[in-house]
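Visitor: I have a structure in front of me and would like to learn how to read it. Where should we begin?

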Amino acid sequence: MQRRDFCRGLLALPALAPSAFATQSYAQRTRGLPRLSIREVRVMATSAGSDYQWVFLKVTTSEPGLYGLGSASNVMQAFSVVAALEKHFAPFWVGKDPDRIEDLWQSTNVRSYWRNGTVLNNALSALDMALWDIKGKRAGMPVYDLLGGKAREAVPLYAHADGRDQREVEENVRKYMEEGYTHVRAQMGGYGGGGLIPQGQTQRPAGRPAGSGFDEDLYLTTIPKLFEYLRAQLGSGVKLLHDVHEHLSPTVAVELAKRLEPYQMFFVEDILPPEQIAWFRQIRRVCSTPMAMGELFTNPQEWAPLISGRLIDFIRCRVSQVGGITAAKKIADLCETFGVRTAWQEGGDNDPVNQLASYHVDMAITSFGIQEENHFPDFVYELLPGTAQLKGGYLYGNDAPGLGIDLNEALAAKYPLKYVPNAADWTTVRRVDGSVVKP
Ligand code: GCO
Ligand code: MG
């Protein structure tokens, strides 16, 4: 065909009929309702009939029946989060346009002036999740669709196996493998376990508080032996992980990473505390053990240099500690550029709303690596209908619009938040001489 004929052919095409989707006005799309505004912001805190310290935020809008749910749970400072939400943030948010997620996120963040703190980030995260929930409900789409659509069918999880000795750890890893888990984190006696010397087995200075003493050199010997044993028993198929939970001083952390290299770790978690992240460069120099970091991160200046410097392999922040879905998606996109993967944190104290917020991000991103497993008793499925399901090592949300979860408020009211006096005691680990270890 001559070029001229081709052009003539084009001109003969009928003009494209404008589709209703492209031409409907805002008023038509919203059935004549005026622009939305936030009507009420309510905090609902509950123990969920257990020792949970869950704080939820319900954001209701000017459209009857349209609301969103967010998680602000912080097991260590639950009552501070409640006060911050009720006294400082709710009055600022009421009357605002819930469609403007980014603007509300930024204006809330700077409104605190001092930022990147845990309580502020919990509040920001709860608002952010609730606004994405609202947007999804209005669009009739699950949040992952608003983020770009499904990039996988479900979310692979890693499980957490513990045991008093090598044999028991092995048994518990096997149990998870039988359930279908391909990734299992192995600990021996809790965080720091393997390095804890029981009371009475060492000479202690007078006045040292009671309890076991952490010895990092002991840990440095015990943990590589545990993984040598597990590899010998389980073969190379299962993907093994370990959480150091920051207990080590930097030079010992570097040495541990090196000693674990032969055991083909999927990753080692939080080998350094946030204050010592510059030492990741040292770890990179001596070995290829993959590093996962970020459970305690709250500030972009903590994760950005590690990701852009390719100094870690997995970022594992808690979504409700960094600013919710908006923040997590930005972190995930940064990771994609630098070849780092995600592994959002989901400790046992976490709640189903935060779990689903993580799930929706996971479903839509390319930089996804793995997500930590967290499971709930049956009662929680009654309390929070729509809570994600775990099956064969995968997390399944539902395709309902928004986050796909609701809170049974009447039931939650029966189980208000309670003060658990010793809830944070486990974080204070001491060396034999009585000094405090980073938890
Ligand atoms: C993990 C974590 C948790 C945290 C806990 C803090 O699962 O990786 O380290 O167990 O310690 O969530 O509240
Ligand atoms: Mg951890």
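Guide: We will take the ligand and then a sheet, bearing in mind that this is a predicted model.

Visitor: Which residues come nearest to ligand 1?

Guide: The shell around ligand 1 holds 15 residues, and those that come nearest are Arg185, His245, Glu295, Asp349 and Glu372. Sorted by class, the shell has four nonpolar, three polar and eight charged residues.

Visitor: How do I read a polar contact between ligand 1 and a side chain?

Guide: Look for a pair of N or O atoms within 3.5 Å. In this model, an oxygen atom of ligand 1 lies 2.5 Å from an N or O atom in the side chain of Asp349. For Tyr191, the corresponding distance from an oxygen atom of the ligand to a side-chain N or O atom is 2.9 Å. For the side chain of Asp243 it is 3.2 Å.

Visitor: How much of the accessible area of ligand 1 does the protein cover?

Guide: On its own, ligand 1 has 340 Å² of accessible area, and the protein covers 89% of that. The ligand sits in the largest pocket.

Visitor: Now the sheet. How do strands of a sheet pair?

Guide: Strands pair through backbone hydrogen bonds, in either a parallel or an antiparallel sense. Here, four strands make an open sheet with mixed pairing, in the order β6-β7-β16-β17.

Visitor: Why is one side of β6 and of β17 left without a neighbour in the sheet?

Guide: β6 (196-197) and β17 (436-437) stand at the edges and have a single partner strand each, so one side of each lacks a neighbour there. β6 pairs with β7 (residues 213-214) in the antiparallel sense, over two bridges. Within that pairing, Leu196 has Phe214 in β7 as its bridge partner.

Definitions and conventions
Residues numbered from 1 in each chain as written. Chains lettered and ligands numbered in written order. Predicted model: local features only at pLDDT ≥ 70, side-chain atom pairs only at ≥ 80, totals over all residues. Heavy atoms only, no water. Near = heavy atom within 4 Å. Polar contact = N/O pair within 3.5 Å; in protein donor to acceptor, adjacent residues only side chain to side chain. Areas by Shrake-Rupley, 256 points an atom, 1.4 Å probe, with all protein chains shown as cover. 1 Å grid on protein atoms, 1.4 Å probe; cavity = no way out; pocket = protein on both sides within 12 Å on 5 of 7 lines; lining within 4 Å. Sits in = over half its atoms within 2 Å of the grid points. Nonpolar A, V, L, I, M, F, W, Y, C, P; charged D, E, K, R; others polar. Pairing = 2+ DSSP bridges.
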